[in-house]
Amino acid sequence: MRNAVRLVVATLAFLALGCSTTYVPLRYEAAAPHTGPDTPLVSVGAIQEGRNISYGPDWLGAIRGGYGNELKRLRTQKPTTEVVQEALADGLRARGVYAEPGQGKYSIEGTLTKLDCSEYFNLEAHAHADIRVVETSSHALLYSRSYQADETEGGFGAGIFASVETLRVLAEKTLRELVDQVLDDPSLRQAIQGQ
């Protein structure tokens, strides 16, 4: 009996101290597909890294234990700046105005200032970016603005039993909200249409 108790205690200690890493996809999916004709108008330019990336350019977040210690790390399958570029491109495709890089009359570029998620007690996800619209041929700045999307959901502090997939879905939802804010912003659209 004493050996069984020691084994259980040792296993729980190992689980509490161990940390796993999962590489997760983040994708943009439009609420409704574009059905009209496409007008290639806007390209996606460079998205610069503006976050503190001491954990690496693919850092997304972590599920944390009772002392704030990392139990499960989430990383994107490619650098997060590329994830955001692809999400913006997919958002433009969903609106029927996507042009291949450098071929659009206008280009959306920017700086990623925050993209992360965490679960300690609640689940949180954040996506912030400084976005610029430039005329592709002249590189003239037409518009710039900061955007942010933040989501919080109640949790129950599941710790080691928390779901990486649940946290990933919240991060993906938050990224989609950021892209929709940018591409559906009337001021951004006016900056392009007014040219």
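Two exercises with worked solutions follow, on a predicted model.

**Exercise 1. Helix packing**

Task: Work out how helices H2 and H3 are oriented to each other, and which residues join them.

Solution:
- Locate the helices. H2 covers residues 80-94 and H3 covers residues 164-183.
- Take the axes. They come within 10 Å and cross at roughly 55°.
- Classify the angle. Values under 35 degrees count as roughly parallel, and 65 to 115 as roughly perpendicular. The crossing therefore makes H2 oblique to H3.
- Assign the hand. The crossing of H2 past H3 is right-handed.
- List the contacts. H2 contributes Val 83, Val 84, Ala 87, Leu 88, Gly 91 and Leu 92. H3 contributes Leu 175, Val 179, Val 182 and Leu 183.
- Sort these contact residues by type. The split is 9 nonpolar, 1 polar and no charged.

**Exercise 2. The surroundings of strand S3**

Task: Decide whether S3 is mostly covered or open, then find which strands pair with S3 and in what sense.

Solution:
- Start with burial. S3 spans residues 59-64, and 5 of its 6 residues are buried. The strand is mostly covered.
- Turn to S4, residues 70-76. S3 and S4 pair in the antiparallel sense, over 5 bridges.
- Pick out a bridge. Gly 61 has Leu 74 of S4 as its partner.
- Inspect the connection. S3 and S4 make a hairpin, with 5 residues between them. In the turn, Gly 68 has a positive phi of about 80°.
- Move to S5, residues 106-119. Here the pairing with S3 is parallel, over 3 bridges.
- Fix the register with a residue pair. Ala 62 stands opposite Ser 118 of S5.
- Conclude. S3 pairs antiparallel with S4 and parallel with S5.

Conventions:
Residues are numbered from 1 along each chain as its sequence is written. This is a predicted model: local features need pLDDT of at least 70, side-chain atom pairs count only at pLDDT 80 or more; totals for chains, interfaces and linings use all residues. Side-chain values use heavy atoms; hydrogens and water are left out. Axes are lines fitted to C-alpha atoms, for helices over the stretch in contact, and angles run from 0 to 180 degrees between N-to-C directions. Helices (H or I, at least four residues) and strands (E, at least two) are DSSP runs, numbered from the N terminus. Angles under 35 degrees count as roughly parallel, over 145 as roughly antiparallel, 65 to 115 as roughly perpendicular and the rest as oblique. A crossing is left-handed if the near helix is turned anticlockwise from the far one by less than a right angle, and right-handed if clockwise. Contact means heavy atoms within 4.5 Å. Ala, Val, Leu, Ile, Met, Phe, Trp, Tyr, Cys and Pro count as nonpolar, Asp, Glu, Lys and Arg as charged, and the others, Gly among them, as polar. Buried means under 20% relative accessible area, exposed over 50%, partly exposed in between (1.4 Å probe, protein chains only). Two strands pair if DSSP finds at least two bridges between them.
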